[in-house]
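Colleague: I am new to this protein chain and should like to understand its overall form and its enclosed spaces. May I put some questions to you?

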Amino acid sequence: MNIIADDTLVPSKPNRRLVIVVRADPVICGHSGEARCLAEVALTRGFDDVRIVTWPLDALEAAGLPLKPLDGVLPYSPGITVERPDPVGDYRVLDGRYLSGLIGRLVELFSDGVPTVAMSLYLSPHAIAVQEAVQVARRIGPARVITVAEAVGSDITNVVRECVNSGRFGAAAHILSVYLEADQCVAVSEYTRELIVASAETLDSMHGTTFAQQCRDRIAISYPAVDSWPYLSLTDDRIAETLARRGLSRDGYVLFLSRIASAKGIDDLIDAYAGSRSAERVQLVLAGRGPQEAEVVARVAAAGLGERVRVLTDVDDAEKPALMAGSAAFVLPTREQPEFVETFGIALVEKALAGGGPVITCATGGVPEAVGDTALLVPQHDPATLRTVLDEVVCDWTPEQRAEAERRARAYALQFDRVAVFDNLFALAAPPAIHVA
């Protein structure tokens, strides 16, 4: 088994354990950062054994997920153990080998009698793995486990809704059943909660099930946890040093920093920037990794913007706050697609905390909950309007307008600080009862 981080601070007989099951670093995903945030706070809240259980690096690479360079991933704090269980079985088990390895390790952690909170981010397969492991642990020994299942959104749009739409009743019913089996069900936004209920209603109408009312009754909201400190502690010197390494100047660029994929609207941003007044004044920086990197580079070249647009695929965690703070504007023209809807918008909160120019985005999914009334909202699939708003912000806004927008955005975003989110979430969790086989 591949264990990362220093677990020497874990006592031989812990008093309280937190296990988080998630696609963790180096995956480029806001929820991998959320898991890190919750783990960090747990160390200050009486948990003396904090573990993130995730996937081996070769499995992440084979899946085609966008990954950060390994040397750019910040270390986890001492006391947090990251486990990547090896697969179980040979080639005849197909990809179930990795899930078996994950479940097997969770059984070991759940069955030693240590009071444990087990949290899964993403229902499929993480909540499935947790519930399966809990059932086994309760059969074989004293299991003092309470489970928290967090639906992040894409597990609904990409799995449950697709199953409902394609008539795959069994798969949708399975995932919703596993979700509702958890001791505490949470969703990352009110939009996500309503999305789950709507999918459940469709399933109920087709097959006479009763998932929708159970979802209404059981699902609470727990917004993603964000670490405010790297953003609030930025200094002018730190920003200047980071930008200088990239050959950038403060307020000299518009920033897109997210997954490079169609659903993020990156092609709309390129089209909006082309021919804009902003293009004469500032560069466009497109930062991230994703399945459409080659297409983006080709689109930039076709628009004749090679000298004005920078594509950065190696931005690490340490420099992200400074890049956000130094930008003249942060643009994420996210849009709804069948397989993806922005169910919150963690990067938008991070940008608000960092300061700098305003956020321009689209009121899709849970974005309005992430930004409140502090961002400039444009219609999705509308490069012309995006160009107009971008030019207004970059070329016409006064320093006073920018400062006021920065103040309001930061004040709103502070509600998502990891300490407040952790305390609200774990106040929902009752002490686990003992289950003896």
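The following exchange treats the chain as a whole and then its cavities.

Modeller: This is a predicted model, in which local features need pLDDT of at least 70, side-chain atom pairs count only at pLDDT 80 or more, and totals for chains, interfaces and linings use all residues. Residues are numbered from 1 along each chain as its sequence is written, and side-chain values use heavy atoms, with hydrogens and water left out.

Colleague: How many helices and strands are there in the protein chain?

Modeller: Helices (H or I, at least four residues) and strands (E, at least two) are DSSP runs, numbered from the N terminus. On that basis the protein chain has 19 helices and 14 strands.

Colleague: What radius of gyration does the protein chain have, set against a compact globule?

Modeller: The radius is taken over C-alpha atoms, and the globule rule is 2.2 Å times the number of residues to the power 0.38. The C-alpha trace spans about 70 × 55 × 45 Å along its principal axes. Because a compact globule of 437 residues would have a radius of gyration near 22 Å, the chain agrees with the rule at 22 Å.

Colleague: What percentage of the residues count as buried?

Modeller: Buried means under 20% relative accessible area (1.4 Å probe, protein chains only). Of the 437 residues, the share that counts as buried is 56%.

Colleague: How many cavities of 30 Å³ or more are there?

Modeller: On a 1 Å grid over the protein atoms alone, a cavity is a set of points where a 1.4 Å probe fits but cannot get out; lining residues have an atom within 4 Å of a point. Points are joined across faces, edges and corners, and a volume is the space filled by probe spheres set on them. By this rule the count is two.

Colleague: Which element gives the largest share of the lining of the largest cavity?

Modeller: This cavity has a volume of about 70 Å³, and its lining includes K351, E406 and A409. Elements giving two or more residues to that lining are α15 (346-354) and α18 (399-413). The largest share, three residues, comes from α18.

Colleague: Which element gives the most to the lining of the second largest cavity?

Modeller: The second largest cavity has a volume of about 50 Å³, and L348, V371 and Y412 are among its lining residues. At least two lining residues each come from α15, α16 (367-371) and α18. With three residues, the element that gives the most is α15.

Note on methods. On a 1 Å grid over the protein atoms alone, a cavity is a set of points where a 1.4 Å probe fits but cannot get out, and a pocket is an open set with protein on both sides within 12 Å along at least five of seven lines; lining residues have an atom within 4 Å of a point. Buried means under 20% relative accessible area, exposed over 50%, partly exposed in between (1.4 Å probe, protein chains only).
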